[in-house]
Amino acid sequence: MTREVVWDHGVSLPGHRIWLDPLVVRNFAFISHAHTDHARRHKEALLTPQTLALIPEARRPRGWRMLGYRETMRRGEGTVTLYSAGHMLGSAQLHFEHEGASLLYTGDIKLRQPGGVTTFVPKADVLIVESTYGRPHFRFGDPDSTVEAIARWCRRALDSRVTPVLLCHALGKTEEIMLALAPYGFEFALEKRCAPCARDYALAGRSLPDWVELDGGPVTGRVVIAPPVGKDEIRRLGRYRTALVSGWAKDAEFARLFGADATFDLSDHCDFDELMEVVERSGADQVYTVHGYTEDFARYLRKRGVRAWALELNEQLALAL
Ligand SMILES: [Zn+2]
């Protein structure tokens, strides 16, 4: 059997005929979550039922094998188990075991959850971890305190008859922030790109607090949510104030690009310390980084004595499982 991992437009376990979030169409591929950069029309995809429900029709795989969290399936001579990745509804980590050796692929992952809960990271010999925020200046505040600060900011704006506008990614972030703010009693108005995602989220099993679609009419008393780019509809709101809700809030240059009045470092990805914690919790002695600051994060890991490499695009890399 082949005991290697290969990078070729995505991670592959070639001896086991499985691709992890490949960027091109494959026969059998694991789709870790529904963000469009991961969804392709594969012949057959392994995914959670929620991920399938959230993938837009045009990007759906042609066939699928659904697996819930902590459910196991055979793949050739190995076993696959999915675990929640805490990144968005349906997001999953894939754990692969074969002849006593194991590999964990995190996909996009978030460790710190609201209410002080931490995403479970299973043990593995080899870890393939995302490194979106793999530089040490990405250190985010406690999520619960940040949500509280966002709620205070929205309330202050509404009290002074100004519309608070939260700039959030349409799928996942928008819905999670609505849920996080629900206990504060806000009502929402969603920009047209966020609205279909909110509908799909509800259909996939997570019901959301009251919202209407932004239609050019007045939205008095509501918190508006819109994607960070393309603010045409927002400019029609009259008096408004914007806040970027993203891990990129920690990057002054990037935050400036969006020209928001305020920034909140609430992210659905791990910050630098959380990424370190994922590596530690996995217990892996071999680590590969994908997405974002792959080289930097691998270098920081090596400084701490972990054998780590970046899995780069265009690089064919074989390694022992
Ligand atoms: Zn994602």
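This report describes the zinc site, the salt bridges and the nonpolar cores of a predicted model.

**The zinc site**

Four protein donors surround the zinc ion: H33 through NE2, H35 through ND1, H87 through NE2 and D108 through OD. Their distances from the metal run from 2.2 to 2.3 Å. Along the chain these donors are arranged as H-x1-H-x51-H-x20-D. Within this set, H87 and D108 connect distant parts of the chain, 21 residues apart. H87 belongs to the loop between β8 (78-84) and β9 (92-98), whereas D108 belongs to the loop between β10 (101-105) and β11 (126-131).

The angles among the four donor atoms extend from 91 to 168 degrees, and the site is classed as irregular. The ideal angle for four tetrahedral donors is 109.5 degrees. A tetrahedral assignment requires all angles to lie between 85 and 135 degrees, and the upper value of 168 degrees in this site is therefore incompatible with that class.

**The surroundings of H87**

H87 has a relative accessibility of 2% and therefore counts as buried. D108 is likewise buried, with a relative accessible area of 7%. The side chain of H87 makes a polar contact of 3.2 Å with the side chain of H35, and it also reaches the backbone oxygen of D268 at 2.7 Å. Leaving aside residues up to four places away in sequence, H87 touches H33, H35, D108, I109, K110, D268 and H269. The neighbours of H87 thus include its fellow zinc donors H33, H35 and D108.

**Salt bridges**

Side chains of opposite charge can pair when their charged atoms come close. The whole structure contains 17 salt bridges, and the table presents three of them.

| Acidic residue | Basic residue | Closest N to O distance |
|---|---|---|
| E57 | R60 | 3.5 Å |
| D271 | R112 | 3.3 Å |
| E191 | R193 | 2.8 Å |

The acidic partners vary in their surroundings. E57 is exposed, with a relative accessible area of 61%. E191, by contrast, is buried at 3%, while its partner R193 is partly exposed at 32% relative accessibility. Salt bridges with shared partners also unite K110, R112, D271 and E274 in one network.

The bridge between D271 and R112 joins two residues of that network. D271 counts as buried at 3% relative accessibility, and R112 is partly exposed, with a relative accessible area of 27%. This pair links distant parts of the chain, its members lying 159 residues apart. D271 is located in the loop between β17 (262-264) and α7 (272-282), and R112 in the loop between β10 and β11. The latter loop also holds the zinc donor D108. K110, another member of the network, is among the residues touched by H87.

**Nonpolar cores**

The largest nonpolar core comprises 38 residues, and I150, L166, I177 and L181 have the most contacts inside it. Helix α2, spanning residues 143-159, gives the most to this core, contributing six residues. With residues up to four places away in sequence excluded, L166 touches I150, W153, C154, I177, L181, V223, V224, I225, A226, A243 and V245. Three of these neighbours, I150, I177 and L181, are themselves listed with L166 as having the most contacts in the core. A second, separate core has 23 residues, including L20, L67, V80 and L94.

Technical notes: Residues are numbered from 1 along each chain as its sequence is written. This is a predicted model: local features need pLDDT of at least 70, side-chain atom pairs count only at pLDDT 80 or more; totals for chains, interfaces and linings use all residues. Side-chain values use heavy atoms; hydrogens and water are left out. Donors are N, O and S atoms within 2.8 Å of the metal (3.2 Å for Na, K and Ca); water is not among the atoms, so sites may look incomplete. Four donors count as tetrahedral if all angles lie between 85 and 135 degrees; four count as square planar and six as octahedral if opposite donors are over 155 degrees apart and all others between 65 and 115; anything else is irregular. Helices (H or I, at least four residues) and strands (E, at least two) are DSSP runs, numbered from the N terminus. Buried means under 20% relative accessible area, exposed over 50%, partly exposed in between (1.4 Å probe, protein chains only). A salt bridge is a side-chain nitrogen of Lys or Arg within 4 Å of a carboxyl oxygen of Asp or Glu. A polar contact is a pair of N or O atoms within 3.5 Å; within protein, one must be able to donate a hydrogen and the other to accept it, and residues adjacent in sequence count only if both atoms are side-chain atoms. Contact means heavy atoms within 4.5 Å. A nonpolar core is a set of buried Ala, Val, Leu, Ile, Met, Phe, Trp, Tyr and Cys residues joined through side-chain atoms within 4.5 Å.
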